[in-house]
Amino acid sequence: MKELTLRAAGTSEVAAVLEFWQGAAENDSRPADSATAVAALVARDPEALILALDDGEIVGTIIAGWDGWRCHLYRLAVAPHRRRSGIGARLIAAAEERFRDLGGSRADAMVLDANERAHGIWDAHGYARQNEWSRWVKSII
């Protein structure tokens, strides 16, 4: 493995990110991602989608969304053959650094309750389930 590179995704990488998520991300119980939506994210906030690359291959992602008030983490995904190698930790650290640079003070992570495999990394990095809040959702398309 060469040195892992972390950087923001470009619009030319949207298809590769979507392909990566098909094999590396938890896709149950959530709306399907689309090229249009990911491209809109990159256009609106070019630093939000952080990639972990090993010799040009995407091996991890995280979305570090900042709305000017709150810090939100989504789509932490690591290639199955690279899990437990520190990639997720580096992505979380990069997202938190981004938030601090933007003036953020608290981050939340969207993690499916059923994705127990992912709970450990969030717990290990100081995140805790917040039982007193519920997420309310509505499809608007």
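Biologist: How much surface does the protein chain expose, and what share of it do carbon and sulfur atoms supply?

Modeller: This is a predicted model, in which local features need pLDDT of at least 70 and side-chain atom pairs count only at pLDDT 80 or more, while totals for chains, interfaces and linings use all residues. Residues are numbered from 1 along each chain as its sequence is written, and side-chain values use heavy atoms, with hydrogens and water left out. The protein chain exposes about 9,200 Å², of which carbon and sulfur atoms supply 51%; accessible areas come from the Shrake-Rupley method with a 1.4 Å probe, and for residues only the protein chains shown count as cover.

Biologist: Which elements make up the secondary structure, and in what order do they run?

Modeller: Helices (H or I, at least four residues) and strands (E, at least two) are DSSP runs, numbered from the N terminus. Here there are four helices and five strands, and from the N terminus on they run β-α-α-β-β-β-α-β-α. The radius of gyration, taken over C-alpha atoms, is 15 Å, close to the 14 Å that the globule rule (2.2 Å times the number of residues to the power 0.38) gives for 141 residues, so the protein chain is as compact as a globular protein of that length.

Biologist: How should I read the sheet, and which strands stand at its edges?

Modeller: Strands of a sheet pair through backbone hydrogen bonds, either parallel or antiparallel. Two strands count as paired if DSSP finds at least two bridges between them. In this model five strands form an open sheet with mixed pairing, in the order β1-β2-β3-β4-β5. The edges are β1 (5–8) and β5 (107–109), each with a single partner strand, so one side of each is left without a neighbour in the sheet.

Biologist: Which residues stand opposite each other where β2 meets β3, and what happens in the hairpin between them?

Modeller: These two strands pair in the antiparallel sense over six bridges, with Leu-53 opposite Ile-58 in β3. Two residues lie between the strands of this hairpin, where Asp-55 takes a positive phi near 55 degrees. Six bridges also join β3 to β4, again antiparallel, and Gly-65 stands opposite His-72 in β4. The hairpin of β3 and β4 has four residues between the strands, and there Gly-68 takes a positive phi near 95 degrees.

Biologist: Is β3 mostly covered or mostly uncovered?

Modeller: Buried means under 20% relative accessible area, exposed over 50%, and partly exposed in between (1.4 Å probe, protein chains only). By that criterion β3 is mostly covered, with nine of its 10 residues buried, while 35% of the 141 residues of the protein chain count as buried.
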